[in-house]
Each structure stands twice: as structure tokens, then as C-alpha cells.
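Visitor: Could you walk me through this structure?
Guide: Gladly; please have a look here.

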Amino acid sequence: MGITMRARRGWKLKYSTIKYYFQQGMCSLLKNRLMSVASIGTVASCVLIISIAYCIVANLDFVFEQLESSITITVFLDKAVTDEQTNEIGKQIQELPHIDNVRYISPDEALESMDQWGDESFSRLKDDNPLSRSFEITVTDPEYQSVTGNSLRNIEGIEKVNDAITEINTLMN
């Protein structure tokens with residue numbers, strides 16, 4: 001009159017039967033210690049390897065998503081460009097296809113952002129700011145970076161275009 005559990009196909013497992021199976025399993029583990037340790041170690045190492053591989057893949061996926069969404073093109077203007085020409089260049093940039101966002105960065109704003117890095121040498125440049133006017137451009141899709149970069153190089157008054165391709169070439173050389 002022990003506790004009974006219903007198994008598949010109508011079989012009844014008694015508490016004593018379950019207890020017997022666990023006792024036999026423990027006895028087998030004790031009799032074959034080396035093989036038990038080897039099999040437990042193998043399973044544990046496989047689970048560990050799969051877990052590490054998953055963590056690496058998940059982190060790489062996250063990094064690439066962040067990188068893809070934060071890729072911007074920076075356009076530096078000639079020093080001789082006036083305020084009126086800067087506004088015109090900004091309008092030309094906004095009219096290009098695949099442009100998501102265009103942000104104008106004045107030389108003073110660029111110096112302030114560099115000053116936030118904590119290096120006091122940038123503070124000395126406030127009287128004679130050597131930085132040029134620039135635009136920070138975000139494209140709708142990273143696939144269009146090279147096309148947009150080439151279009152930006154054709155606009156008069158733009159001195160330099162820093163896009164992903166330029167940065168990759170700089171890193172490779």
C-alpha cells in the first residue's frame with residue numbers, strides 16, 4: 001500500500017520501485033567512479049563550451065547592432081567658407097538621398113566637446129580655435145555610406161569627408 005504514481009501506458013510505479021531505481025543508480029555511480037566522473041565532466045565541459053560560445057555570439061551581435069546604428073559621416077568644411085555658404089552646404093546635404101539626420105557643429109562646439117576629454121591643452125586653443133566647421137551626418141541605412149560619402153565629396157566647400165570606408169582604410173594602412 002505504498003504511494004503509487006501513474007506512468008505511461010497505464011503502468012503504476014510504486015514508491016518502493018522509484019526508491020529501488022535511485023538506489024541502483026547510486027550504487028552504479030559508486031562502483032564505476034572513474035567513468036561517472038568522466039561522463040559528468042564531459043557533459044559539464046560541453047555545456048560550458050556551448051554557454052561560452054553563445055555568450056560570445058550574443059555579445060558580438062549586440063556590438064555590431066550598436067556599431068551599425070551609430071555610424072556617422074563627418075564632413076569638414078574649408079576654412080574660407082562663410083556662414084551663408086555653410087547654410088547652403090547644409091541644405092545640399094539634407095537634399096541628398098538616404099540622409100537621416102544632419103547636425104551642424106561649430107568650431108567652438110567642437111572645441112568644447114574636445115575640452116570635455118579632460119586634456120587641458122585644448123583649453124589653450126579657445127583664443128585661436130584651429131578647428132573648422134563640420135557636419136555630422138547619419139544615413140538611413142549603413143549600406144548607403146559609401147554612396148553618400150561619394151556624393152558629399154562632390155559638394156563644393158567640403159574639405160574632407162570622414163566615413164566608415166575612410167576610417168577602415170586609415171586603420172588598414
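Guide: Helices (H or I, at least four residues) and strands (E, at least two) are DSSP runs, numbered from the N terminus. This is a predicted model, where local features need pLDDT of at least 70 and side-chain atom pairs count only at pLDDT 80 or more, while totals for chains, interfaces and linings use all residues. Residues are numbered from 1 along each chain as its sequence is written, and side-chain values use heavy atoms, leaving out hydrogens and water.

Visitor: In what pattern do the elements follow along the sequence?
Guide: There are 6 helices and 6 strands to place. Read from the start, their order is β-β-α-α-β-α-β-α-β-α-β-α.

Visitor: Is I52 buried, partly exposed or exposed?
Guide: I52 lies in helix α2, residues 33–70. Buried means under 20% relative accessible area and exposed over 50%, with partly exposed in between (1.4 Å probe, protein chains only). The relative accessible area of I52 is 44%, so this residue is partly exposed.

Visitor: How many aromatic pairs are there, and of what kind is Y20 with Y21?
Guide: Rings of Phe, Tyr and Trp (its six-membered ring) pair if their centres lie within 6.5 Å; planes under 30 degrees apart count as stacked, over 60 as edge-to-face and the rest as tilted. The whole structure holds 2 aromatic pairs. For Y20 and Y21, the ring centres are 6.0 Å apart and the planes stand at 55 degrees, so the pair is tilted.

Visitor: Is Y21 buried or exposed?
Guide: Its partner Y20 is partly exposed, at 44% relative accessible area. Y21 has a value of 53%, so Y21 is exposed.
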